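Visitor: Could you walk me through this one, please? I would like to begin with a single residue and work outwards.

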Amino acid sequence: MGLTACMGGDGADVTRSPMSLLGGAQAQSAAPALQSSESSDIINGLIDRQSVLGAGPYAQVSDAVLAANARAAEAELRAAKLRAEARATNWLPTLGPNVSLTSLGDVVTSIVVDAVLFDNGRKKAERDYAAADVEVAAVALAQDTNQRVLTGLDLYLTAQAARDRAGVNAAAMAQMERYAYIMSERVRGGVSSRVDLQIVQQKLNQMQAQMSSDKEAATTALAELAAMSAAPIDGITGISPLRTELTAQPLSVLKARAEATRAIAEAKAAGAGLLPSLTASVNQDGDAGLNLGGTGLGFGTGASLKALEEQQAAANARIGQVQEDANRNLRSLEAELASLQRQELQAQTLAQQAAANFEIYAAQQREGTRSVPEVVGLFETKVRTEREAVALKYDVARVALKIAATRGVLVDGDKI
């Protein structure tokens, strides 16, 4: 109890010095500044993040998939927070039994209070490690949540793209069936050959097969989405605009920073364990003593300490490597997004031109200056360009969502 009173209840963030028990002017209190999620820049930054998904179909899909989230990463975060809470008071004295065998063969049991006087910063490094472990788990939870939303939205876009492609074919089926009927009548009247009819019929069958495949793809994607959603998503349609600029730091970089801090703390704790430490103990009879601990100094201690320094340098270097990889990935996605946007505009222009050309050919066919196979070939081109334009629209949306997920802004941080 005397040692406990000397330790103090509040104060600095370092392990106390041996002089503190004597009340010296240079004494430093053992009580640390507790590190928690409230004082973490990384966790505060995660909480402050705002989702780029505005009100609309994207937000509806996101809410549905998050409502059914098992949140396995959340359990790991809770465990890390509890470990940090346990480490936060590691500077306090410990109470435990001491059992020894006397020379006369008697077992002597006593209650001993141990207090660390000097440990080269090992206790503080352990607290730093636990706090960084919470940050790593928090970033992992943010990554897991953003990835889940991205998966749900990707399935949604897949279903929507397949539906729209099927819609293009469905709108063209009536016209294609009419051309097939015209050709069958011309063959029956002996005006056209059966080969021309077979060509038109083949194109009609191909269009029907594409439409069936698109419907099946949409059904499959919606079934997968329904399996990971807590609410029906059948009535959701359309694409939502992303409401803010994508400028947040990638989650992979934040995680690398937290992992580097944790690795450095681990190395410091290991290095402190190689050096001598001093503890004081008092038993229930009032007997006090000082204990010198540590693994002991040896010929390899210097090399071991140097290796731990290199381990810290490697942890810091990894941040730069992860930052470089994240920047490369983002530049690649941004270039892909710009390319797809350009292709989408071109596809829309080509679809309009193909539609205009088809109208001219269709009018000439009605006047008898164009054959049905010629018009059917141009009609097939019109349908194909419309399908490509539809697909590119959703490809653009998908890449934009990938960028948002990489930066970790698909879900509000306070919701996570």
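Visitor: Okay, what is leucine 141 in contact with, leaving aside its neighbours within four places in sequence?

Guide: With those neighbours left aside, leucine 141 is in contact with Arg71, Ala73, Glu74, Leu77 and Ile416, where contact means heavy atoms within 4.5 Å. Please keep in mind that this is a predicted model, in which local features need pLDDT of at least 70 and side-chain atom pairs count only at pLDDT 80 or more, while totals for chains, interfaces and linings use all residues. Residues are numbered from 1 along each chain as its sequence is written, and side-chain values use heavy atoms, with hydrogens and water left out.

Visitor: Is leucine 141 buried or exposed?

Guide: Leucine 141 counts as buried, because its relative accessibility is 4%; buried means under 20% relative accessible area, exposed means over 50%, and partly exposed is in between, using a 1.4 Å probe and protein chains only. Leucine 141 is found in helix H5, and helices (H or I, at least four residues) and strands (E, at least two) are DSSP runs, numbered from the N terminus.

Visitor: And how far apart are leucine 141 and glutamate 76?

Guide: In sequence leucine 141 and glutamate 76 are 65 residues apart, whereas in space they are 8.5 Å apart, C-alpha to C-alpha.

Visitor: Switching to pockets: which residues lie nearest the centre of the second largest one?

Guide: Those are Ile43, Leu77, Ala138, Leu141 and Ile416, out of a lining of 18 residues. A pocket is found on a 1 Å grid over the protein atoms alone, as an open set of points where a 1.4 Å probe fits, with protein on both sides within 12 Å along at least five of seven lines, and lining residues have an atom within 4 Å of a point. Helix H2 (41-48), helix H4 (72-87) and H5 each give two or more residues to this lining.

Visitor: How much space is in there, and what kinds of residues line it?

Guide: About 320 Å³ of space lies in the second largest pocket, the volume being the space filled by probe spheres set on the grid points, which are joined across faces, edges and corners. Its lining divides into ten nonpolar, three polar and five charged residues; here Ala, Val, Leu, Ile, Met, Phe, Trp, Tyr, Cys and Pro count as nonpolar, Asp, Glu, Lys and Arg as charged, and the others, Gly among them, as polar.

Visitor: How many salt bridges are there in the whole structure?

Guide: A search finds 14 salt bridges, a salt bridge being a side-chain nitrogen of Lys or Arg within 4 Å of a carboxyl oxygen of Asp or Glu. One of them joins arginine 262 to aspartate 133, with the closest N and O atoms 2.7 Å apart. Arginine 262 lies in helix H7 (residues 251-273) and aspartate 133 in helix H5, so the pair ties together parts that are 129 residues apart in sequence.

Visitor: Are those two buried or exposed?

Guide: Arginine 262 counts as partly exposed, at 22% relative accessibility, whereas aspartate 133 counts as buried, at 9%.

Visitor: What about arginine 387 and aspartate 214?

Guide: Their side chains also meet in a salt bridge, at 2.7 Å from N to O. Because arginine 387 lies in helix H9 and aspartate 214 in helix H6, this pair ties together parts that are 173 residues apart in sequence. Arginine 387 and aspartate 214 are both buried.

Visitor: Now the core: which residues have the most contacts inside the largest one?

Guide: They are Leu53, Tyr58, Tyr179, Leu225, Leu401 and Leu410, in a nonpolar core of 53 residues; such a core is a set of buried Ala, Val, Leu, Ile, Met, Phe, Trp, Tyr and Cys residues joined through side-chain atoms within 4.5 Å. The largest share of this core, 18 residues, comes from H5.

Visitor: And what does the chain look like overall?

Guide: The protein chain has nine helices and four strands, which follow the pattern α-α-α-α-β-β-α-α-α-β-β-α-α when read along the sequence. Buried residues make up 40% of its 416 residues.
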